[in-house]
Amino acid sequence: MTQYSVTGMSCAACQARVEKAVSAVPGVESCAVSLLTNSMGVEGTASANDVIKAVINAGYGASLKEAKKSGATAVSEYDNELKDTETVKIRNRLIASVILLLPLMYVSMGHMLWDWPLPGFMDGNHIAMGLYELLLTVGIMVINQRFFINGFKSLIHMAPNMDTLVALGATASFTYSVYAVFAMTIAQKNGDADRVMFLMEELYFESAAMILTLITVGKLLESISKGRTTNALKELMKLAPKTAYILKDGKQVEVPIEEVRIHDRFILRPGSSIPVDGIVIEGNSAVNESALTGESIPVEKNPGDTVSAATINESGYMVCEATRVGNDTTLSQIIQMVSDAAATKAPIAKIADKVSGVFVPAVIGIAVITFIVWMITGPRVSFALARAISVLVISCPCALGLATPVAIMVGNGVGARQGIMFKTAASLEAAGKVGIIALDKTGTITKGEPSVKGIYPAGGIDEKELLSIAYTLENKSEHPLAKAIADHCKDNKVELFDSDKFTALPGNGLSAFIAGEEAFAGNRELITKRARVDKEFIKISDDLSDHGETPLYFSKGTQFLGIISVADVIKDDSVEAVASLKKMGIYVAMLTGDNEKTAAAIAKETDVDEVVASVKPEGKAGVIRNLQKKGKVAMVGDGINDAPALTVADMGIAIGAGNDVAIDAADVVLIKSRLSDVAAAIRLSRATLRVIHQNLFWAFIYNIIGIPLAAGVFIPLFGWTLNPMFGAAAMSLSSFCVVTNALRLNLFDVHDGRKDKNKGSRISNNDNKVKEDKKEMEIAVNGMMCGHCEAHVKEALEKIDGVISAAADHEKNLVTLSTSGDVSEDVLKAAVEGAGYEFAGIKG
């Protein structure tokens, strides 16, 4: 998407006009104009010159946004784009207008209504009073000339906007009043005192002046409120440091942030802001990451851990190596994401866009009709003119134009502060409409890394002895399960024995000599050949397998020492997150490549509605398509294998700690990598949609009631009339109310589920099972000893054409295949043996 800055827009009609003009340019595929940020995003092959020319021909200005530079310069450029320069200008115009308006109102209202005293040169001299009001009104019109320049310019281009309405209303009041002053001069010359008094009451200078001033008040309030919608981004930008201390030739050198390069080593002192993303090389500390994740508790950082730009090093001294700089840092990507989202348009905004395109011409038409009708039926010209002017100045296309974008901008800001990044306005809207959530298991529901779940020492064996022998054996292995046990022992400061003659036994386990005796670690088959294992432990082993855990057996000499179970651990918030989603009326399915036994154990613990096990990456996309038959589906994942499903789903949600491919394919990114943030994202989307609906309702209702009132429709029924000045005040406040209502989202707690509502009937589990046309077959495979062995065999077999999925069970030495047709035995054998295991034939 190519970004442009657009100038001269003042309301939704302008926005609609620019979009229409640019969309007509050959090569433009889509165009989204933001009135809130005065920006435009264009997709397609059209040249920048053609796009800019189309905007200029429509009566506005446009320029291509420069590509962002690196480091602090990039953040600074974003800061300049968001800097509020309009509010100061509008405030100065308002102050000058009020200074002239007060003496004008003193004479026109104070003296005429309450007989306040006048200076000697005006006392009794109505011509002097008229000229005095005329001069002050001209001054206010000059100060607010922007309304007239933009308004009549748009009218000339046949694209009238809000400024046109204000300019027409003020011009009509002023022109008629000037006519009245000249008519007064003639009447006074003719000695017609009654005519002079009548014409004095026909002066509407104060209406023209008050209309311009009140509209400026509204613009000031709107500008201030709009400025607050980008506060979240501004707060992030303030955290970006301007310099960094890097090591050069062993010396600390302070350099501008844009000069930091990948692999440079930088110094972090206590209390300093981290300049770029990096990895800790030396030292340790607690880092406050609340600016990026919203998490207030500092995170401990040790060598090998990553750090992010704009976070705060709270306590220790660290040396880090830069891994991502400039636009690639987490901070820059967050800013870019929120900025891009602001440049896009939510589908719900199309309602207001369609209305805005015809709104202003329709209002002008209504004003003309109102004037004609009251000229025919009304008491005098001034009455008809007042009704027409009231129609012009009470109508507010701005409220319609701002109803959606301000809510989207505030909603995105709230999400950014909580580590929930919506890539587009459409994704923020769509998240709240999701009815089905498909969760990838590994790395999303679970932590994605095995850890020790249980320790079961044999009779007469001390737990410390079992752990020490296990630590000594597993410490030298590269196997993921061995690493889990070694890490557990290291964390608990378990004693490490001396050992020698370490031997890996492929597909079974490993061995080593400890204190002169050979010790073994491995599966049941390996240990039962070397030691006697009681039936009690066989039962424990079976129960552990049923719960998705992998039991590892240990022996020394001929003595069985016990079992240590290892499993991928469910994240702390997964159970609560699934419960929150179900409470919101969302159907939760879990997708995994693991076997059905492991998947069922995880499903039972988390209470998901449906489990789809032993499914390949391309199979996940098929599952999503089946779920989409029942409703809108969001896919949550973190790996490369999730990217196809994330793309196919109505909404793709990526875990922030996941793979870059998954993040690129997603519509929403959860920076904290917490599953509970899925519910928070949906909650925020629903709250934002509520605000948009409220804004659109009030914007439409305001105009539906206000225009007939201004036109005098209710005069015959109730005698209600509307002074043009009150119409201008109402117009001013309408936009302010819409923006202020959107700002309420800043107070919304995305993690508070007490008010969650079920948005519809939950999908029946039985109705939603995924069914595929497939054949089942079983093959015997020897040598598997754990879940990771199962994964290797599964991966090898699923690469075969015709194999839909493979579910391996190392306890039974069995693999169940789902195929779309016949697969030859030779092909299966080659795949199994190529993975390092023994093919023992096809069952049955």
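Which residues make the nonpolar surface patch of about 450 Å²? In this predicted model, the patch is put together by Val368, Ile372, Met375, Ile376 and Val381. Helix 13, covering residues 349–377, is the biggest giver here, with four residues in the patch. Val381, for its part, sits in helix 14, which spans residues 381–394. With a relative accessible area of 36%, Val381 counts as partly exposed, and patch members need over 30%.

Next comes the sheet. Seven strands form an open sheet with mixed pairing, and their order reads 14-26-25-24-15-22-23. At the edges are strand 14 (420–422) and strand 23 (610–612), each of which pairs on one side only. On average, neighbouring strands in this sheet are turned by 20° against each other, ignoring direction. As for what holds strands together in general, they pair through backbone hydrogen bonds, and the pairing can be parallel or antiparallel. Strand 22 (residues 587–591) and strand 23 run parallel, joined by three bridges. Across this pair, Leu591 stands opposite Val612 of strand 23.

Helix 8 offers a look at buried side chains. This helix takes in residues 193–200, and its buried residues are Val196, Leu199 and Met200. Looking down the axis of helix 8, these buried residues fall within an arc of 105°, so they line one face of the helix. The general rule behind such a pattern is simple: an α-helix has 3.6 residues a turn, so residues three or four places apart point the same way.

How values were computed
Residues are numbered from 1 along each chain as its sequence is written. This is a predicted model: local features need pLDDT of at least 70, side-chain atom pairs count only at pLDDT 80 or more; totals for chains, interfaces and linings use all residues. Side-chain values use heavy atoms; hydrogens and water are left out. Patches are made of residues with over 30% relative accessible area and no salt bridge: like charges are joined within 9 Å, nonpolar side chains (Val, Leu, Ile, Met, Phe, Trp, Tyr) within 5 Å. Accessible areas come from the Shrake-Rupley method with a 1.4 Å probe; for residues, only the protein chains shown count as cover. A salt bridge is a side-chain nitrogen of Lys or Arg within 4 Å of a carboxyl oxygen of Asp or Glu. Helices (H or I, at least four residues) and strands (E, at least two) are DSSP runs, numbered from the N terminus. Buried means under 20% relative accessible area, exposed over 50%, partly exposed in between (1.4 Å probe, protein chains only). Two strands pair if DSSP finds at least two bridges between them. Axes are lines fitted to C-alpha atoms, for helices over the stretch in contact, and angles run from 0 to 180 degrees between N-to-C directions. The arc is that of the directions from the helix axis to the C-beta atoms.
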